[in-house]
Amino acid sequence: MPTAITMPKLSDTMTEGTVVKWLKQEGDTVNSGDVIAEIETDKATMDLEAFDSGVLLKILAPAGTAAACKAPIAFIGEKGEKIDEAAFAAASVKEAAPASASAPAVEPVSAPALPLPTPQAVGGLVGRAKASPLARKIAAENGVDLSRVTGTGPGGRIVKKDVLALGSTGGSGGSGWLHATGYIGKGDERVPLTNMRKTIAKRLQQSKQTIPHFYQEMEIDMGPCMALRAVLNARLEKTQPPVKLSFNDFVLKACAVAMRKAPVVNAFWEEDAVRMNGSVHLAFGVAIPGGLITPVIPDAQDKNLKQISLEAKELAARAKEGKLKPEEYTTGTFTVSNLGMFGVDRFSAIVNPPQAAILAVGNIVAKPVVDANGQIVVGQRMSLTLSADHRVVDGADAAIFLKEVKDLLEAPALLVA
């Protein structure tokens, strides 16, 4: 009997995935363990391995198609076997229901301000409206949601004229398309949401709507850190492997150490309890095409500055290639977001739930300051802004943490002692 290959659930926040491309085609022989497709999750592109051996009989979800977790996307079996797609589709809908029912506990979504179109589910596939290839092409080029189109073709299939008809009723003057977000004119482009962008939108909206944020900022004298970094890098560039410490490495290490004095900053809000995390799993923001991701340095409290630097660079490189495993970006207990390399002087970041705080790091700026002798001199200053969940972290806790980070960065020898 043919076996259904289903859309895997590759992270806690994943509710659907998109088939990026198939590496095996219908009729190809597949061995257990073969990588048969690439799947885009909510944060990365992952390989899909076959659990069974046989022949790839049927692909249900072509490249570019989204499917709910556990929905069948292909069949594998013996050559020439018949497939009862309807039976598998019905079974998949029954299996998928509990997963979607539990999703709101993780990502509650408030009622939208405007009515949203209901996605069509055909055979467990999300958004797979019955439509001709040409109709799909025209819809994609013009950002038309096929779930809003009434098909007039055989069996309700959406054809070219149905898509054009929707556009003509929405546009003015026939040169554009009218969407819920406004008129689309010449030169405008609607970029379909990736799974990553959807997840970012949901989580950050959830954070700002449900977490009572408060903010504290301190300005750091980075002169001592700049001097020590130059000395250390001169020595470390001759080691194997060579190491080049960044200012962010110093900030990461300082945060891991500062948690000793303010452990509540490294906690989770869990509705009926505050979880005090025993280890510092230090996440840091990395910009990647189409979004951002937060790789995690596990047990950062036990690692020295060099180890943190090497690990951070290795994780960031794999993050940009979309090669992180889910446990490498979903297990953080505290996050550092640094935009200094982009020239941002200061900013406030949004807490990444269930974490209780996030530190925003700005650029190092040369500016006039008053020294210990009352003289105006050129100083090197960097802003740190802590955003915290006031349900977990009190103002004094945040101040203790920030003060400790400041003291460590202004006496950086303590970070390498």
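The questions and answers below go through the helices, strands, burial and side-chain pairs of a predicted model.

In this predicted model, local features need pLDDT of at least 70 and side-chain atom pairs count only at pLDDT 80 or more, while totals for chains, interfaces and linings use all residues. Residues are numbered from 1 along each chain as its sequence is written, and side-chain values use heavy atoms, with hydrogens and water left out.

Q: How many helices and strands does the protein have?
A: Helices (H or I, at least four residues) and strands (E, at least two) are DSSP runs, numbered from the N terminus. On that basis the protein has nine helices and 22 strands.

Q: What percentage of the residues in the protein is buried?
A: Relative accessible area, computed with a 1.4 Å probe on protein chains only, sets the classes: buried is under 20%, exposed is over 50%, and partly exposed lies in between. Of the 417 residues in the protein, the buried ones make up 44%.

Q: Among contacts between residues at least 6 apart in sequence, what percentage joins residues at least 24 apart?
A: A contact is taken as heavy atoms within 4.5 Å. Among contacts between residues at least 6 apart in sequence, the share joining residues at least 24 apart is 62%.

Q: Is Asn266 buried or exposed?
A: Asn266 is placed in the loop between helix H6 (247-258) and strand E14 (267-269). Apart from neighbours within four places in sequence, Asn266 is in contact with Met259, Asn277, Ser279, Val280, Thr333 and Phe334. With a relative accessible area of 2%, Asn266 is buried.

Q: How many of the 12 residues of H6 are buried?
A: The expected span of a helix is 1.5 Å times one less than its number of residues, and H6 reaches 16 Å from its first C-alpha to its last, close to the 16 Å expected. Its buried residues include Asn248, Asp249, Phe250 and Lys253. H6 is mostly covered, and the number of its residues that are buried is 11.

Q: Which residue has its charged end over the ring of Phe247?
A: A charge sits over a ring if NZ of Lys or CZ of Arg is within 6 Å of the ring centre and within 35 degrees of the ring normal. Here the charged end lies 4.4 Å from the centre of the Phe247 ring, and the residue is Arg229.

Q: Which residue forms a salt bridge with Arg381?
A: A salt bridge is a side-chain nitrogen of Lys or Arg within 4 Å of a carboxyl oxygen of Asp or Glu, and a search of the whole structure finds 16 of them. In the bridge of Arg381 with Glu219, the closest N and O atoms are 4.0 Å apart; Arg381 lies in strand E22 (residues 376-389) and Glu219 in strand E13 (residues 213-221), so the pair ties together parts that are 162 residues apart in sequence. Arg381 is buried at 16% relative accessible area, and its partner, partly exposed at 30%, is Glu219.

Q: Which residues are linked with Glu219 and Arg381 in a network of salt bridges?
A: The bridge between Arg381 and Glu219 belongs to a network of salt bridges. Besides these two, the linked residues are Glu217, Asp221, Arg346 and Lys367.

Q: Which residue meets Lys303 in a salt bridge?
A: Lys303 counts as buried at 16% relative accessibility, whereas its partner counts as partly exposed at 21%. The two side chains meet at 2.9 Å, N to O, and the partner is Glu311.

Q: In which helix do Glu410 and Lys406 both lie?
A: The side chains of Glu410 and Lys406 meet in a salt bridge of 2.9 Å, N to O. An α-helix has 3.6 residues a turn, so residues three or four places apart point the same way. Glu410 and Lys406 are four residues apart, about one turn, and both lie in helix H8 (residues 395-410).

Q: Which strands stand at the edges of the open sheet?
A: Two strands pair if DSSP finds at least two bridges between them. Four strands form the open sheet in the order E1-E8-E6-E3, with antiparallel pairing. Each edge strand has a single partner strand, so one side of each is left without a neighbour in the sheet, and these strands are E1 (3-6) and E3 (29-30).

Q: Which residue in E8 stands opposite Leu56?
A: Strand E6 (residues 54-59) and strand E8 (residues 72-77) run antiparallel and are joined by four bridges. The residue in E8 opposite Leu56 is Ile76.
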